[in-house]
Number of protein chains: 2
Amino acid sequence: MENIKNIASVFSELQAEICHNLELADGKAHFGSDKWKKEIGGGITRVIQDGNVIEKGAVNFSFVEGKLSERMEAVLGEKADNYAATGISSILHAKNPWVPTIHMNVRYFALDNGVSWFGGGIDLTPSIIVPEEARWFHEQLNEICDRSHPDYYSRFKKWADDYYFLPHRNETRGVGGIFFDRLKPDEDVDFEQLFGFVVAQAKSYPLIYSEFMKNSEKPYTEREKRWQSIRRGRYVEFNLVNDRGTKFGLESNGNTESILVSMPANASWEYNFSPEPGSQEEKTQELLKKDINWIGFKTN
Amino acid sequence: MENIKNIASVFSELQAEICHNLELADGKAHFGSDKWKKEIGGGITRVIQDGNVIEKGAVNFSFVEGKLSERMEAVLGEKADNYAATGISSILHAKNPWVPTIHMNVRYFALDNGVSWFGGGIDLTPSIIVPEEARWFHEQLNEICDRSHPDYYSRFKKWADDYYFLPHRNETRGVGGIFFDRLKPDEDVDFEQLFGFVVAQAKSYPLIYSEFMKNSEKPYTEREKRWQSIRRGRYVEFNLVNDRGTKFGLESNGNTESILVSMPANASWEYNFSPEPGSQEEKTQELLKKDINWIGFKTN
């Protein structure tokens with residue numbers, strides 16, 4: 001478990017770099033910085049609000065450790081006395097409905113029985129899906145993955161499709177991305193390479209999002225704003241009903257304001273809302289499916 | 001299990017009566033009526049929107065039956081082949097922040113091993129707590145309870161305090177009310193009396209709420225509206241994170257639109273929001289606690 005301190009220190013620097021790059025792209029708002037400390041550890045919650053582009057967002061760093069509870073042992077299928085975990089978790093919501101919501105997480109989890117692993121991912125949730133943009137996003141992830149292992153993109157893309165899914169709505173949260181957990185060194189990828197992959201993902205995150213932030217120049221209508229608010233309702237549903245990280249955080253007496261800073265500034269629910277036939281909203285709804293090959297998507 | 005059909009038919013009539021009385025009090029909007037049918041049964045979802053007073057609300061009736069799964073057996077601590085359940089569930093959200101959100105539920109659950117019970121309750125969630133109003137509300141519930149059993153109010157009031165609680169916020173959802181489950185006939189209260197208690201509760205619901213709807217005459221500020229939206233965020237958190245009924249409905253492949261019609265029209269989340277010292281919002285925050293004796297509350 002001793003190398004987790006080095007990893008945490010790299011993550012902490014990455015947090016600063018991500019915030020800096022996002023501030024540059026936004027051009028107005030700045031990230032605040034709230035240090036918190038609880039019995040299980042601490043972190044820095046960095047929140048941005050009311051920017052030119054970003055309406056509400058956060059880049060959180062944390063480093064926690066503690067006794068492994070019986071429940072955690074059962075969930076993890078591991079026997080150990082203590083665990084330590086460090087990670088960065090970020091969500092950005094933009095004002096303009098043409099700028100998607102994005103989420104990124106990198107994490108390292110270590111047990112004192114010698115077992116440890118990386119987890120993480122990036123995924124994109126547009127209010128209105130523009131297939132060319134979804135393709136471009138997946139191309140970026142594909143490239144980052146390919147630098148580490150030829151199988152990573154296809155494995156982690158499928159994992160994201162399965163994870164970012166709302167069974168009660170029978171729809172994906174957005175256009176997916178990559179998701180991975182329990183990633184350990186093996187004969188193909190050693191520890192340093194794995195760490196490098198995770199760092200590369202975190203570094204690319206603000207650069208990828210900066211491209212999407214350019215959409216904030218695009219004018220939008222009241223109708224598109226209303227649709228964004230409904231889609232944000234689904235985002236809230238996913239985070240509160242389906243997301244394991246949020247559940248774990250709330251149940252394990254984590255820092256509630258830091259965990260729920262992922263919530264959008266606003267969300268709405270309309271009973272039985274259904275988009276007009278043939279509308280861009282309906283087309284978006286039809287694309288909220290697993291297993292779409294975005295990179296090969298024909299956009300005529 | 002045979003008498004459940006009679007109970008369902010009374011509940012179905014009560015649904016119509018509740019909707020009728022609420023329409024009279026609102027004076028503008030009418031409840032729609034959507035019949036739904038799934039493998040497990042069916043129901044009538046009645047939704048009201050954009051009224052004079054009520055912004056969004058629903059009064060739902062359902063009657064479902066099916067095989068008792070192993071998981072349900074474990075949860076209920078009962079062995080049986082089949083179950084049947086019927087109930088009314090209602091939530092009303094008003095536009096004006098001085099008109100509280102209210103929730104009411106009555107239900108009957110029967111197993112083919114001969115075991116059956118009633119459950120239900122009414123609870124109130126004001127955006128801004130007015131202690132006199134909370135006291136009046138609890139007095140009404142106390143009266144309904146006392147007609148059936150002298151212990152009911154104190155038992156069910158405590159149950160509501162414990163149930164309508166958000167551990168991750170360390171606050172109650174609102175000013176509570178009554179909540180009960182697994183209520184069976186005993187030496188004090190026979191089946192007909194129990195059924196009568198549940199019916200009385202459902203009948204009083206629109207009458208009690210009509211009193212609160214009169215607050216819609218009261219002017220309100222932008223600040224109060226913003227606070228309402230934040231409080232609605234907590235309501236969403238409770239329903240999606242803590243409410244057993246919502247969880248059970250979503251997991252058991254229920255009718256998602258009917259279940260989540262409980263969501264407010266809008267909700268918002270602001271990071272680390274804290275009300276101004278001495279403000280009515282801060283006073284409300286301080287009253288979101290269990291075990292407040294509302295009936296004996298000194299309001300000088």
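**Exercise 1.** In this predicted model, determine in which sense strand 6 and strand 9 of chain B pair, and over how many bridges.

*Solution.* Strand 6 of chain B covers residues 116-125. Its pairing with strand 9 of chain B is antiparallel and runs over six bridges. For one specific bridge, take Gly121(B): its partner in strand 9 of chain B is Phe179(B).

**Exercise 2.** Place these strands in their sheet in chain B, and find which strands stand at the edges.

*Solution.* Start with the strand order. The sheet is open, has seven strands in the order 1-2-3-4-5-6-9, and is paired antiparallel. Next, look at the ends of that order. Strand 1 (34-38) and strand 9 (176-183) of chain B each have a single partner strand, so one side of each lacks a neighbour in the sheet. Finally, the twist from one strand to the next averages 10°.

**Exercise 3.** Which strands of chain B does helix 1 of chain B lie across?

*Solution.* Helix 1 of chain B spans residues 4-26. The strands it lies across are strand 2 (41-49), strand 3 (54-67), strand 4 (82-94) and strand 5 (101-111) of chain B. Relative to strand 4 of chain B, the helix runs at about 5°.

**Exercise 4.** Identify the residues with the most contacts inside the largest nonpolar core, then list contacts of the chain B residue.

*Solution.* The largest nonpolar core holds 153 residues, and Ile178(A) and Ile178(B) have the most contacts inside it. For Ile178(B), set aside neighbours within four places in sequence. The contacts that remain are Gly121(B), Ile122(B), Leu141(B), Cys145(B), Tyr153(B), Phe156(B), Lys157(B) and Ala160(B). Gly121(B) has already appeared as the bridge partner of Phe179(B).

**Exercise 5.** Work out how chain B is related to chain A.

*Solution.* A rotation of 180°, with 0.0 Å of shift along its axis, superposes chain B on chain A with an RMSD of 0.0 Å. The two copies are therefore related as by a two-fold rotation axis. The same surface serves both copies, since 100% of the contact residues of chain B recur in chain A.

**Exercise 6.** Describe the side of chain B that touches chain A.

*Solution.* First, count: 23 residues of chain B are in contact with 23 residues of chain A. Second, assign them to elements. Strand 2, helix 6 (222-242), helix 8 (256-259) and strand 10 (266-268) of chain B supply at least two residues each. Helix 6 of chain B gives the largest share, five residues. Third, sort by type: 13 are nonpolar, seven polar and three charged. Last, check for pairing between the chains. Strand 10 of chain A and strand 10 of chain B pair in the antiparallel sense over three bridges. In one of these, Asn266(A) is matched with Ser268(B).

Methods
Residues are numbered from 1 along each chain as its sequence is written. Chains are lettered from A and ligands numbered from 1 in the order in which they are written. This is a predicted model: local features need pLDDT of at least 70, side-chain atom pairs count only at pLDDT 80 or more; totals for chains, interfaces and linings use all residues. Copies are superposed by least squares on the C-alpha atoms of residues with pLDDT of at least 70 in both. Two residues are in contact if their C-beta atoms, placed from the backbone, lie within 7 Å. Two strands pair if DSSP finds at least two bridges between them. Helices (H or I, at least four residues) and strands (E, at least two) are DSSP runs, numbered from the N terminus. Axes are lines fitted to C-alpha atoms, for helices over the stretch in contact, and angles run from 0 to 180 degrees between N-to-C directions. Ala, Val, Leu, Ile, Met, Phe, Trp, Tyr, Cys and Pro count as nonpolar, Asp, Glu, Lys and Arg as charged, and the others, Gly among them, as polar. A nonpolar core is a set of buried Ala, Val, Leu, Ile, Met, Phe, Trp, Tyr and Cys residues joined through C-beta atoms within 7 Å. A residue is buried if 20 or more other C-beta atoms lie within 10 Å of its own, exposed if 12 or fewer, and partly exposed in between; C-beta atoms are placed from the backbone.
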